[in-house]
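Trainee: Could you take one part of this chain and walk me through it closely? I'd like a single helix and whatever it sits against, then how that fits into the rest.

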Amino acid sequence: MINHKRIRITNNLVEEGPLTYARSGPYSKSEGWTDIRVVDVPLDSIQRVELVTEKGKTVSQILSELVSQHGGNWLCFNASHFNEENGDLLGLTYRDGEEIYQDVLGMTEGRPHFYYKNGRFGIGRQTRPDGVKMAVCGVPTLSEDGKSIDPPHAAEKTPSNELETKSRMIVGIKSDGTLGMITVDGRGAYDKGLTTKEAGIMATKYGYETTVNLDGGESATFATNNRQLLDALEIDKANKKRQFHVADMSLDYQEKVVHHAIAIQFDPDKLLPTYIVDHIPTSTPHNRRAGHALKATTLTIHNTGNPTSTARNERNWLTNPTNEVTASYHIVLDDKETIECLPLDENAWAAGDGTNGEGNRTSIHIEICESGDYQHTLERAVELVASMLQERGWGVERLRRHYDWPRADGYRKNCPRLMYDNGSWTGWHQFVERVRIAMAPISEKKTPFSDVEAGRWSEAAIKAVADKGWMEGYPDEKFKPGNKVTREELAVVLNRLK
Ligand SMILES: [Zn+2]
């Protein structure tokens, strides 16, 4: 999950609300609401992990240095509690197989480490530095084995003020090894923050097996040089300059010097999800999430009708307090991401055919954005729709245009408008055909080679290796499937596989 949410904890349960900011009343700090930002880092997205010590520097300064030194995509966050006088991290700390800070006697010996070792993150005490890439002391443990911990383990000697309502930097580990980095806002006018008990409940709800608090208070800082990640977390959307978030929405974004950062270089293709589940809350005004059970029998395709609006804009519009329309959709996608805004087993209001209209009550509605690289968006739409049809065992005959669901008075909306072509709907027919081809089994597809006849026993395999670029044909566009392979040709193929 990569997400920005507004939550509060009531009766030990997490409630999610709209991203609405008021100094009093609904969704305000005084009613217990607070913002969190969550970044899940799958193990296979991690290229490098560093614990950086730079006395006198902020997290974003450390980030800038890493980027200029190594390039690539990084996310950085404050390491853990430190000595305000000399900047040393508190507690036994390891880096690159060596001890860099010692325990504070009588205080930190029972605290768990947040560590990276043998290519995995973990939470737990490391007694020896051997093979440990980095280990810092957190306090307290917030959850274990998927259960929140309250009160904290006595041996951790958690300072009593750490238990209070605060902004926080929390790390968690999922059962598959995914690292979760969670920033909790809570210092300004809009965000309450979380107690350690509430933080444990929150982390458990979002699927982390084990979590630990790295810091409560004004040090909680997250920074990345990846613009898509900043956008997904709704950080600095307006001026596009800031690379960091301090756990407070209302101050002037001054970063505190924290002297250290945990830095992760990542592969954006593996970290950034392309299918995001971000359902609007059931409390969304104007009945946009009515919650009628939907047993869909068709998929309906739309264009957003707005040339500049991204998938994220469209999702946010559904929870924008100034939106007064009863209109919603299940899925919206652009050239980068796909967002599921409503559960696919609940109705949306997108067909315009009334409360009990067939379009509104039997179809899953997919909005194709018009912003960005539209050809790429269309490709992504073809892939999505093909996989959704396949999952359900359906064919392209289950596809509908918004146009196919008339209003009671017979009016039909010209939607998806970019497929309309003055009424001939050629764009629509092409779209359906592309989906059909995408769904065709690989054996039905043609290879680019004139001498590989349709239905040949090896056709699907030849197509697959040609598509992947592992093997090519001869210059005369023949594959010569019966030819022998030389040792040097085999070496070329093996080298491409590596
Ligand atoms: Zn439409």
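Mentor: Sure, and keep in mind that this is a predicted model. The domain assignment cuts the chain into domain 1 (2-90 + 134-271), domain 2 (275-439) and domain 3 (443-497). Between the C-alpha centres of domain 2 and domain 3 there are 39 Å.

Let's zoom in on helix H1, residues 59-70. H1 has twelve residues, and from its first C-alpha to its last it reaches 16 Å, close to the 16 Å expected at 1.5 Å a residue. Which of its residues are buried? Val-59, Ser-60, Ile-62, Leu-63 and Leu-66 are. Look down the axis of H1 and those buried residues fall within an arc of 155°, so they line one face of the helix. Swing round to the other side of H1 and you'll find Ser-68 and Gln-69 exposed. Just after the helix comes Gly-71, with a positive phi near 70°.

So what does the buried face pack against? The buried residues of H1 meet strands: E4 (46-53), E5, E16 (221-224), E17 (244-246) and E18 (260-266). Cys-76 is a good place to see that packing from the other direction. Even if you leave aside its neighbours within four places in sequence, Cys-76 is in contact with Val-59, Ile-62 and Leu-63, and also with Ala-223, Ala-261, Ile-262 and Ala-263. Three of these partners, Val-59, Ile-62 and Leu-63, are among the buried residues of H1.

Now step back to the core. The largest nonpolar core has 70 residues, and Val-59 and Cys-76 are among those with the most contacts inside it, along with Met-134 and Ile-170. Apart from that one lies another core, of 29 residues, among them Ile-339, Ile-368, Leu-384 and Trp-405.

Follow the chain on from strand E5 (73-77) and you get to Glu-84, in the loop that runs to strand E6 (93-95). Is Glu-84 buried or exposed? Glu-84 is exposed, because just 8 other C-beta atoms lie within 10 Å. Glu-84 and Val-258 are 174 residues apart along the chain, yet their C-alpha atoms are separated by 8.9 Å.

Since you'll probably want to check the backbone too, here are the spots I'd look at. Two peptide bonds are worth a glance. The one from Asp-150 to Pro-151 is cis, with omega near 0°, and Pro-151 is in the loop between strand E12 (147-148) and strand E13 (168-173). The bond from Cys-415 to Pro-416 is cis as well, again with omega near 0°; Pro-416 belongs to the loop between strand E24 (399-401) and helix H8 (426-439).

Then there are positive phi values in residues other than glycine. Asn-11 has phi near 50° and is located in the loop between strand E1 (2-10) and strand E2 (13-17). With 5 C-beta neighbours inside 10 Å, Asn-11 counts as exposed. His-286 has phi near 60°, in the loop between strand E19 (275-277) and strand E20 (298-303). His-286 counts as partly exposed, because it has 14 C-beta neighbours inside 10 Å.

Technical notes. Residues numbered from 1 in each chain as written. Predicted model: local features only at pLDDT ≥ 70, side-chain atom pairs only at ≥ 80, totals over all residues. Domains from an automatic or database assignment. Helix = DSSP H or I, 4+ residues; strand = E, 2+ residues; numbered from the N terminus. Buried ≥ 20, exposed ≤ 12 C-beta atoms within 10 Å, placed from the backbone. Expected span 1.5 Å × (residues − 1). Arc of directions from axis to C-beta. Contact = placed C-beta atoms within 7 Å. Core = buried A, V, L, I, M, F, W, Y, C linked by C-beta atoms within 7 Å.
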